[in-house]
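Subject: Structure handover

Hello,

Here is the structure for you to take over. Please open it first, then read my notes underneath.

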Amino acid sequence: MEIPELPASLPPREKALRVHERLCAVYGCPIPFFHDLDPLSELISALLSHRTRNADSGRAFRQLRARFPTWEAVRDAPLLEVQEAVASVTWPEQKAPRLQAVLREISARRGGDMALDFLGELEVPQARAWLESLPGVGPKTSAAVLLFSRLRRPALPVDSHHYRVAVRLGLISARVPVGRSHALLSALLPPGWDAQQVYDHHEALMLHGQRCCFHLAPACVRCPVLDLCPWGQQRVARGKPG
Ligand code: SF4
């Protein structure tokens, strides 16, 4: 298919939509959700995954499930037992006490009820604020809990691949830190988008970062959004096509 050339300086909202359409065509939207966990399990999974390979955090999650019958049992277990169960993640000595602190905080707030399904009845900003007031929970984790869990709420997570692609495309300034980028990149999406559309957007940008817009040597000459990308165009003009 012939792609018409567009100016790299399009307004960010319009550019975000063009990028979405192009990358969705390449990566095959709608993209199937990879999890169907309850929101508390998704929160545990997200806390384990920080700076850890998916295979290792998945193993730690399964170990926790196999060793403790409930999340209440994880909350009340001796710290060393939890630390042993999550030994495959990076920094288990920090993540185990953090996990227990989060579980205790949820119990305290909810009168012992650990389920987080009530978040599905709140507006997305309120649900995110509730989650982000837990210890160690930032915007990426709050969005992951709402979007990836069976709640399926339209909250946009931004991982390192998604962030890199967004900066290079000029959707946000490189001076915006990844935490604050969540609000700015979310604001570029149409307010009526459902969870599948928001998920597709996140996944398409993340996959693009993994498969084309590499950290060190992005493959700009074969990139389907080169005409929208000032950073890629400068790179190609300097004779560094990837
Ligand atoms: S043109 Fe290059 S820098 Fe821009 S999004 Fe594509 S691969 Fe990344």
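Below is what I found, starting with the ligand and moving on to the domains.

Please keep in mind that this is a predicted model.

**Ligand site**

The ligand has 14 residues around it. Five of them come nearest: Cys213, Cys220, Cys223, Cys229 and Gly232. Two elements give two or more residues each to this shell, α9 (160-169) and α12 (230-237). The largest share is that of α9, with three residues. By class, the shell is made up of 12 nonpolar residues, one polar and one charged. Cysteine is counted as nonpolar here, so read that split with the four cysteines named above in mind.

**Domains**

The domain assignment splits the protein chain in two. Domain 1 takes in 12-32 and 157-237, and domain 2 runs over 39-148. Taken over C-alpha atoms, the centres of domain 1 and domain 2 are 28 Å apart.

**Where the domains touch**

Domain 1 puts eight residues into the contact, and domain 2 puts in six. On the domain 1 side, α10 (178-187) and α11 (195-211) each give two or more residues. Of these helices, α11 supplies the largest share of that side, three residues. The classes on the domain 1 side are five nonpolar, two polar and one charged.

**Where to look**

For the ligand, begin at α9 and α12. For the domain contact, begin at α10 and α11 on domain 1.

Best wishes

Terms used:
Residues numbered from 1 in each chain as written. Predicted model: local features only at pLDDT ≥ 70, side-chain atom pairs only at ≥ 80, totals over all residues. Near = placed C-beta within 6 Å. Helix = DSSP H or I, 4+ residues; strand = E, 2+ residues; numbered from the N terminus. Domains from an automatic or database assignment. Contact = placed C-beta atoms within 7 Å.
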